Amino acid sequence: MSVSVEPTSAQPSGKASAEALRPHAEDAFADELAALAAQDDRPRPARWKLSPWAVATYLLGGVLPDGTAISPKYVGPRRIVEVAVSTLATDRALLLLGVPGTAKTWVSEHLAAAVSGDSTLLVQGTAGTPEEAIRYGWNYAQLLANGPSRDALVPSPVMRAMAEGATVRVEELTRIPADVQDALITILSEKTLPIPELGQEVQAVRGFSLIATANDRDRGVNELSSALRRRFNTVVLPLPESVEAEVGIVARRVGQIGRSLDLPAAPDGIDEIRRVVTVFRELRAGVTSDGRTKVKSPSGTLSTAEAISVVTGGLALAAHFGDGVLRAGDVAAGILGAVVRDPAADRVVWQEYLEAVVRERAGWTDFYRACREVSA
């Protein structure tokens with residue numbers, strides 16, 4: 001016996017979303033999504049808001065026939081996005097895998113927004129995520145008063161997506177305990193969610209898809225069982241290929257965040273962004289960009305996302321306590337905080353890098369002095 005799940009609406013648009021500190025993708029880029037939908041004459045899978053081609057265009061950016069510019073949401077190999085989108089057009093689940101900071105969450109949110117028009121069906125994985133977050137829970141007041149019933153059941157985001165034919169996101173899947181992860185096996189293989197207490201089940205309707213993100217580099221991750229891993233098509237998101245590509249990503253995202261926080265644009269900030277990105281890339285790789293000097297790597301990941309945070313923090317310092325121009329002193333403290341996670345080991349790594357690389361680099365004297373000052 002099947003059971004229906006009443007659909008619930010996403011966050012309303014309008015003033016509430018306009019005032020949100022971080023609007024959902026479908027709200028922040030509503031104009032682009034509407035423009036794509038209006039000119040999208042290609043076949044769409046059941047319950048998709050856009051065709052697979054339009055979804056890929058939304059993520060990668062482009063110019064529509066009427067001249068509307070679609071901003072890129074992801075900068076990377078086109079084929080990666082095409083494989084991810086085509087996976088969602090099948091009955092397979094999608095696993096976005098990569099080291100921290102490779103835009104897995106960002107890509108999953110925008111995929112859900114473009115495919116279903118709603119990125120809010122979300123399970124956030126943590127060490128304490130219970131099985132109810134993936135299957136269903138109970139309203140215990142009604143359960144005690146009337147026993148197990150449909151009215152007492154509280155559907156999870158996964159159950160809602162199955163019933164509505166929508167896209168659900170499971171973030172940080174490898175942080176969820178292994179026994180809870182395996183609650184997805186039946187859902188992904190049989191496309192059903194049994195409710196034994198009621199003798200019923202929820203069957204996934206056409207359009208249902210699941211996007212999970214995971215990394216295996218941080219501490220506290222749980223390996224996926226082979227049975228669960230087989231239920232996913234895995235797409236690995238790489239780190240940016242070059243300094244210029246990563247600088248462009250950081251600059252674009254910092255600009256978006258700065259506008260949402262009403263921070264003034266930094267007219268000469270690109271030089272400091274390039275320095276931050278260069279430092280992070282060299283420490284990640286364990287070698288300088290010219291390949292001549294080997295350096296030790298710290299314990300942190302030094303991801304693109306962390307570079308964005310460092311530059312955004314520096315921009316706020318420049319705006320509120322400086323002359324509005326992003327300078328070395330504005331980003332130095334943020335870099336120190338990102339690099340030195342282990343006070344004992346990482347501080348040694350940072351000091352050696354400063355003295356062996358930064359001090360000797362032409363044109364970086366101000367950066368060296370600023371970093372030395374905050375490191376003292």
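In which loop does Gly101 lie? Select Gly101 in this predicted model, and you will find the residue in the loop between strand 3 (93-97) and helix 6. With a relative accessible area of 24%, Gly101 counts as partly exposed, because that label covers values between 20% and 50%.

Keep Gly101 selected and add the residues it touches: leaving aside neighbours within four places in sequence, Gly101 is in contact with Ser303, Thr304 and Ala305. Now add Ile308, which is 207 residues away from Gly101 along the chain, although the C-alpha atoms of the two are separated by 9.8 Å.

**The largest pocket**

From here, turn to the largest pocket, which holds about 1,200 Å³ of space. Of the 47 residues that line this pocket, Pro100, Gly101, Thr102, Ala103 and Ala305 are the closest to its centre, so selecting these five will bring you to the middle of the pocket. Colour next helix 6 (104-116), helix 12 (243-260), helix 13 (269-285) and helix 14 (304-321), each of which supplies at least two residues of the lining. Helix 12 gives the largest share of that lining, with six residues. If you then colour the lining of the largest pocket by residue type, you will see 19 nonpolar, 14 polar and 14 charged residues.

**The second largest pocket**

Leave helix 12 coloured and select Pro23, Ala28, Arg253, Gln256 and Ser260, which lie nearest the centre of the second largest pocket among the 18 residues that line it. The volume of this second pocket is about 430 Å³. Helix 2 (25-28), helix 6 and helix 12 each supply at least two residues of its lining, and helix 12 gives the most, with six residues. By type, the lining of the second largest pocket divides into nine nonpolar, four polar and five charged residues.

**A histidine in helix 6**

Is His110 buried or exposed? Select His110, which has its place in helix 6, and note that His110 counts as buried because its relative accessibility, 1%, falls under the 20% limit. Not counting residues up to four places away in sequence, His110 touches Ala25, Phe29, Tyr58, Leu59 and Lys73, and showing these side chains lets you see what surrounds the histidine in the model.

**The nonpolar cores**

In soluble globular proteins, nonpolar side chains tend to be buried together. To see this here, select Val279, Phe280, Leu283, Ile335, Trp350 and Phe367, which touch the most other members of the largest nonpolar core, a set of 37 residues. Helix 12, helix 13, helix 14, helix 15 (328-339), helix 16 (345-358) and helix 17 (365-375) are the elements that give two or more residues to this core, and the largest share, seven residues, comes from helix 15. Take Val279 as an example: apart from residues up to four places away in sequence, Val279 touches Ile335, Trp350, Tyr353, Trp364 and Phe367. Another core lies apart from this one and has 36 residues, among them Ala93, Leu121, Leu153 and Leu193.

**A hairpin to finish**

Finally, select strand 8 (residues 192-195) together with strand 9 (residues 200-203), which pair in the antiparallel sense over four bridges. Within this pairing, Pro194 stands opposite Glu201 in strand 9. The hairpin of strand 8 and strand 9 has four residues between the strands, and there Gly199 takes a positive phi near 65 degrees.

Note on methods
Residues numbered from 1 in each chain as written. Predicted model: local features only at pLDDT ≥ 70, side-chain atom pairs only at ≥ 80, totals over all residues. Heavy atoms only, no water. 1 Å grid on protein atoms, 1.4 Å probe; cavity = no way out; pocket = protein on both sides within 12 Å on 5 of 7 lines; lining within 4 Å. Points joined across faces, edges and corners; volume = space filled by probe spheres on them. Nonpolar A, V, L, I, M, F, W, Y, C, P; charged D, E, K, R; others polar. Buried < 20%, exposed > 50% of the residue type's maximum accessible area, 1.4 Å probe, protein only. Contact = heavy atoms within 4.5 Å. Core = buried A, V, L, I, M, F, W, Y, C linked by side-chain atoms within 4.5 Å. Pairing = 2+ DSSP bridges.
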